[in-house]
Amino acid sequence: MGHAGVHLFLGPDRARKLQRIHEWERAIGVQPLDRHHLDGASVGAAPLLAFCRQQPAASPLRLIVVDEAHRLDASAVEALVEHAGVIAKSACVILLV
């Protein structure tokens with residue numbers, strides 16, 4: 001499976017999810033400038049899309065982790081779905097639920 005695009009990590013095992021994120025980060029070769037950790041309860045659709053659309057500064061892809069993704073508002077979820085093709089060109093977005 002490729003790393004680009006939007007991915008959903010479900011389940012109660014937070015330690016395993018974080019381990020998988022670190023594995024993906026190493027596999028992609030993500031540099032610190034291209035790694036973002038966002039809170040689903042406080043990020044809106046516009047800022048989320050802005051992160052997703054930016055070209056990576058020093059890595060093949062940007063890694064954007066949205067913690068508590070189940071708390072994203074409906075407009076943010078709709079924006080991710082609508083722009084999934086564009087996001088897949090430059091980012092790996094991981095939604096943690």
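**Reading a helix, its partners and some salt bridges**

Author: Let's start with one residue: glutamate 25 is buried, with a relative accessible area of 16%. Keep in mind that you are looking at a predicted model.

Reader: Thanks! How do I read that percentage: what does buried mean here?

Author: Buried means under 20% relative accessible area, exposed means over 50%, and partly exposed lies in between. At 16%, glutamate 25 is therefore on the buried side of that cut-off.

Reader: Glutamate 25 carries a charge, so I'd like to look for a partner. Which side chain does glutamate 25 meet in a salt bridge?

Author: Here is the general idea: side chains of opposite charge can pair when their charged atoms come close. In this structure, the side chain of glutamate 25 meets that of arginine 35, at 3.0 Å from N to O. Because glutamate 25 lies in helix α1 and arginine 35 in strand β2, this pair ties together parts that are 10 residues apart in sequence.

Reader: And is arginine 35 buried or exposed, or in between?

Author: In between: arginine 35 is partly exposed, with a relative accessible area of 26%.

Reader: How many salt bridges does a search of the whole structure find?

Author: Five. Another one joins the side chains of arginine 16 and glutamate 23, at 3.8 Å from N to O. Arginine 16 counts as partly exposed at 37% relative accessibility, and glutamate 23 is also partly exposed, at 32%. A further salt bridge links glutamate 68 with arginine 71, where the closest N and O atoms are 3.1 Å apart.

Reader: Let's go back to the helix that holds glutamate 25. How do I read a helix's reach, and what does α1 reach from its first C-alpha to its last?

Author: You compare the reach with what is expected at 1.5 Å a residue. Helix α1 covers residues 14-28, which is 15 residues, and it reaches 21 Å, close to the expected 21 Å.

Reader: Which residues of α1 are buried?

Author: They are Lys17, Ile21, Trp24, Glu25 and Ile28. Now look down the axis of α1: these buried residues fall within an arc of 105 degrees, so they line one face of the helix. The face turned away from the buried side carries Ala15, Arg26 and Ala27, which are exposed.

Reader: What do the buried residues of α1 pack against?

Author: Four strands: β1 (5-9), β2 (35-39), β3 (62-67) and β4 (91-96).

Reader: Where is arginine 20, and what does its accessibility tell me?

Author: Arginine 20 sits in α1, and at 29% relative accessibility it counts as partly exposed. Try pairing it with phenylalanine 9: the two are 11 residues apart along the chain, while their C-alpha atoms are separated by 9.3 Å.

Reader: Does the one-face idea carry over to another helix? Which residues are buried in α3?

Author: In α3, residues 74-82, the buried ones are Ala76, Ala79 and Leu80. Viewed down the axis of α3, they fall within an arc of 100 degrees, so they line one face of that helix. Ala74, Glu78, Val81 and Glu82 are exposed on the other side. As for partners, the buried residues of α3 pack against α2 (45-53), α4 (84-87) and β4.

Reader: Now a loop, please. Where is leucine 61?

Author: Leucine 61 is in the loop between α2 and β3, and it counts as buried at 12% relative accessibility. To see its surroundings, leave aside neighbours within four places in sequence; its contacts then include His3, Ile28, Asp34, Pro56 and Cys92. Ala91 is another of its contacts: alanine 91 is 30 residues away along the chain, yet the two C-alpha atoms are separated by 4.8 Å.

Reader: And phi angles? What is the phi of the glycine just after α1?

Author: Most residues other than glycine have a negative phi. Glycine 29, just after α1, takes a positive phi of about 85 degrees. Glutamate 68 is worth a look too: its phi is near 55 degrees, a positive value in a residue other than glycine. You will find glutamate 68 in the loop between β3 and α3.

Reader: Finally, the surface. Which residues make the nonpolar patch of about 280 Å²?

Author: Leu8, Leu10 and Val97. Valine 97 lies in the segment after β4 and is partly exposed, with a relative accessible area of 34%.

Methods. Residues are numbered from 1 along each chain as its sequence is written. This is a predicted model: local features need pLDDT of at least 70, side-chain atom pairs count only at pLDDT 80 or more; totals for chains, interfaces and linings use all residues. Side-chain values use heavy atoms; hydrogens and water are left out. Helices (H or I, at least four residues) and strands (E, at least two) are DSSP runs, numbered from the N terminus. The expected span of a helix is 1.5 Å times one less than its number of residues. Buried means under 20% relative accessible area, exposed over 50%, partly exposed in between (1.4 Å probe, protein chains only). The arc is that of the directions from the helix axis to the C-beta atoms. Contact means heavy atoms within 4.5 Å. Patches are made of residues with over 30% relative accessible area and no salt bridge: like charges are joined within 9 Å, nonpolar side chains (Val, Leu, Ile, Met, Phe, Trp, Tyr) within 5 Å. Accessible areas come from the Shrake-Rupley method with a 1.4 Å probe; for residues, only the protein chains shown count as cover. A salt bridge is a side-chain nitrogen of Lys or Arg within 4 Å of a carboxyl oxygen of Asp or Glu.
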